[in-house]
Amino acid sequence: MAGKRRYEDSCGLAQALNVVGERWALLVVRELVLGPKRFSDLRADLPGVSPNVLSQRLTELETAGVLQRRKLPPPAGAWVYELTAWGAELETVIITLGRWGARSPFFDRECGLSVSSVVLSMRTMFRAEAARGVHLDIGLHLGEHRFHAAVRDGRFRVEPGEAAEADAVLTTDPVTLATVVYDGRS
């Protein structure tokens, strides 16, 4: 991180921002919370980021130990980026910051949503008290992406993969799912 602007402050927040405070850094982390992605997938899920900026953020986050680059075994053989164990700890920060941002008086619902952002928003906005006594398995098919969402007595989990025995399967796109879940669309 030589040559990068830094906060000269020993506060933990300042030190954290030295690692993930650059523009796009936390959004890159958000996209990797649910699992590894190729560079092209990150570009597609982060509209507005240039290839140069994305490459720079990936390099900085890898140098800092937040993520790592790995080659998938054959037959895929593609390079992917994934969070390290330390980088994965940022999920709670992202969820808390997302919950805070969702209450913004300037919140813009007209922007697009990536698959990761809508799935993480479900983790973020889940209300445990409203789900006491509920046991439900839902398959989420968001384009080519598959997720298993489970509600168990006030706890919510959503992870990549198929739901083995789903009570229901929703097949839609991220924006439509968000309007159903958050805006009451039928």
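Contact here means heavy atoms within 4.5 Å. The structure is a predicted model. This briefing covers helix α4 and its surroundings, a nonpolar surface patch, and two buried residues, His141 and Val118.

**Helix α4**

- Helix α4 runs over residues 51-63, which makes 13 residues.
- From first C-alpha to last, α4 reaches 18 Å, close to the 18 Å expected at 1.5 Å a residue.
- The buried residues in α4 are Leu54, Arg57, Leu58, Glu60 and Leu61. Viewed down the helix axis, the buried residues of α4 fall within an arc of 165°, so they line one face of the helix.
- Asn52 and Thr63 are exposed, and they sit on the face of α4 turned away from its buried side.
- The packing partners of the buried α4 residues include three helices, namely α1, α2 (25-32) and α3 (39-45). The buried residues of α4 also pack against the strands β1 (67-71) and β2 (79-83).
- Gly65 comes just after α4 and takes a positive phi of about 85°.

**Helix α1 and the surface patch**

- Helix α1 spans residues 12-20 and contains Leu17. This helix is also one of the elements against which the buried residues of α4 pack.
- Leu17 has a relative accessibility of 33% and therefore counts as partly exposed, since the partly exposed class lies between the buried limit of 20% and the exposed limit of 50%.
- Together with Tyr7 and Leu13, Leu17 forms a nonpolar patch on the surface. The accessible area of Tyr7, Leu13 and Leu17 together is about 300 Å².

**His141 in strand β3**

- His141 lies in strand β3, which covers residues 135-142.
- With a relative accessible area of 16%, His141 is buried, because buried means under 20%.
- Not counting residues up to four places away in sequence, His141 touches Arg146 and Glu162, and also Val169, Leu170, Thr171 and Thr172.

**Val118 in helix α7**

- Val118 belongs to helix α7, residues 115-125.
- The relative accessibility of Val118 is 1%, so Val118 counts as buried.
- Leaving aside neighbours within four places in sequence, Val118 is in contact with Leu113, Leu142, Pro174, Leu177 and Ala178.
- Between Val118 and Val151 there are 17 Å in space, C-alpha to C-alpha, and the two are 33 residues apart in sequence.

Methods: Residues numbered from 1 in each chain as written. Predicted model: local features only at pLDDT ≥ 70, side-chain atom pairs only at ≥ 80, totals over all residues. Heavy atoms only, no water. Patch = residues over 30% accessible without salt bridge, like charges linked within 9 Å, V, L, I, M, F, W, Y side chains within 5 Å. Areas by Shrake-Rupley, 256 points an atom, 1.4 Å probe, with all protein chains shown as cover. Salt bridge = Lys/Arg side-chain N within 4 Å of Asp/Glu carboxyl O. Helix = DSSP H or I, 4+ residues; strand = E, 2+ residues; numbered from the N terminus. Buried < 20%, exposed > 50% of the residue type's maximum accessible area, 1.4 Å probe, protein only. Expected span 1.5 Å × (residues − 1). Arc of directions from axis to C-beta.
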